[in-house]
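Please open the model in your viewer and keep the sequence panel beside it, as this tour moves from one selection to the next.

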Amino acid sequence: MDRVSRPGSRLRLLALLGLAAWSVHQLRYALAYGGGAPDVLRSTGHEYLTVLCPLLGLLLLAAAAQLLAALAARRHLRVGRPPSLARSWGQLSATLLAVFSAQELLEGALSAGHAGGASALVAGGGWLAVPL
């Protein structure tokens, strides 16, 4: 059984990807709009993030609790040879970019104040998601 196919590994990966996706989203707005980012976020349909943040916190807490339980039970956290850093970095970066793109496209489709279509991906500093 590889590392990501185990339930605890999937929970930790999901929690970390969620945190990373939220961070990319927030950093994109902070870099593009500086001190005005909170106002821009409010006016462009990002109110759902006030509900999402506590849920993300609970997911991270559950992942941390699972990791501590695994350590306390002295279960091995690694099985087999770990993937290369370059491969993991590339796969996770592509996943984060896909999550960011899907999030922005959904926001554009569901919120009147948010740019839609391809503009949702690049307008207002959206291109910053790539280096982030």
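## Charges, then helices

Begin with the charged side chains of this predicted model: if you select the 11 positive and the 5 negative charges of the chain, their mean positions turn out to be 23 Å apart.

Now return to the whole chain and colour it by secondary structure, which brings up five helices and zero strands, so that, by the way such runs are numbered from the N terminus, the chain reads along the sequence as α-α-α-α-α. With the view reduced to the C-alpha trace, the chain spans about 50 × 30 × 25 Å along its principal axes. If you then switch on a surface, the chain exposes about 8400 Å², and carbon and sulfur atoms supply 71% of that area. Of the 132 residues of the chain, 25% count as buried. Among the contacts with a separation of 6 or more, 70% are accounted for by residues 24 or more positions apart.

Next, select helix α1, residues 7-33, and look for Tyr29 and Tyr33, which both lie in this helix, four residues apart, or about one turn of the helix. Which aromatic rings pair here, and how are their planes set? The count for the model comes to one aromatic pair. The rings of Tyr29 and Tyr33 have their centres 5.9 Å apart and their planes at 20 degrees, and because planes under 30 degrees apart count as stacked, the pair is stacked. As for cover, Tyr29 counts as buried, with a relative accessibility of 3%, whereas Tyr33, with a relative accessible area of 34%, is partly exposed.

Move on to helix α3, residues 49-72, and place a distance label between its end C-alpha atoms, which are 34 Å apart; at 1.5 Å a residue, the 24 residues of this helix should span 34 Å, so the two values agree. Within α3, the residues to highlight as buried are Leu49, Leu56, Ala63, Gln66 and Ala70. Following α3 you come to Arg74, a residue whose phi is positive, near 60 degrees.

Finally, select helix α4, residues 85-110, and repeat the comparison from end to end: its 26 residues should span 38 Å at 1.5 Å a residue, and the end C-alpha atoms are 37 Å apart, which agrees. Which residues of α4 are buried? They are Phe100, Gln103, Glu104, Glu107 and Gly108, and showing their side chains together completes this stop.

Key. Residues numbered from 1 in each chain as written. Predicted model: local features only at pLDDT ≥ 70, side-chain atom pairs only at ≥ 80, totals over all residues. Heavy atoms only, no water. Helix = DSSP H or I, 4+ residues; strand = E, 2+ residues; numbered from the N terminus. Expected span 1.5 Å × (residues − 1). Buried < 20%, exposed > 50% of the residue type's maximum accessible area, 1.4 Å probe, protein only. Contact = heavy atoms within 4.5 Å. Areas by Shrake-Rupley, 256 points an atom, 1.4 Å probe, with all protein chains shown as cover. Lys, Arg positive; Asp, Glu negative; His and termini not counted. Charge placed at Lys NZ, Arg CZ, Asp CG, Glu CD. Phe/Tyr/Trp six-rings, centres within 6.5 Å; stacked < 30°, edge-to-face > 60°.
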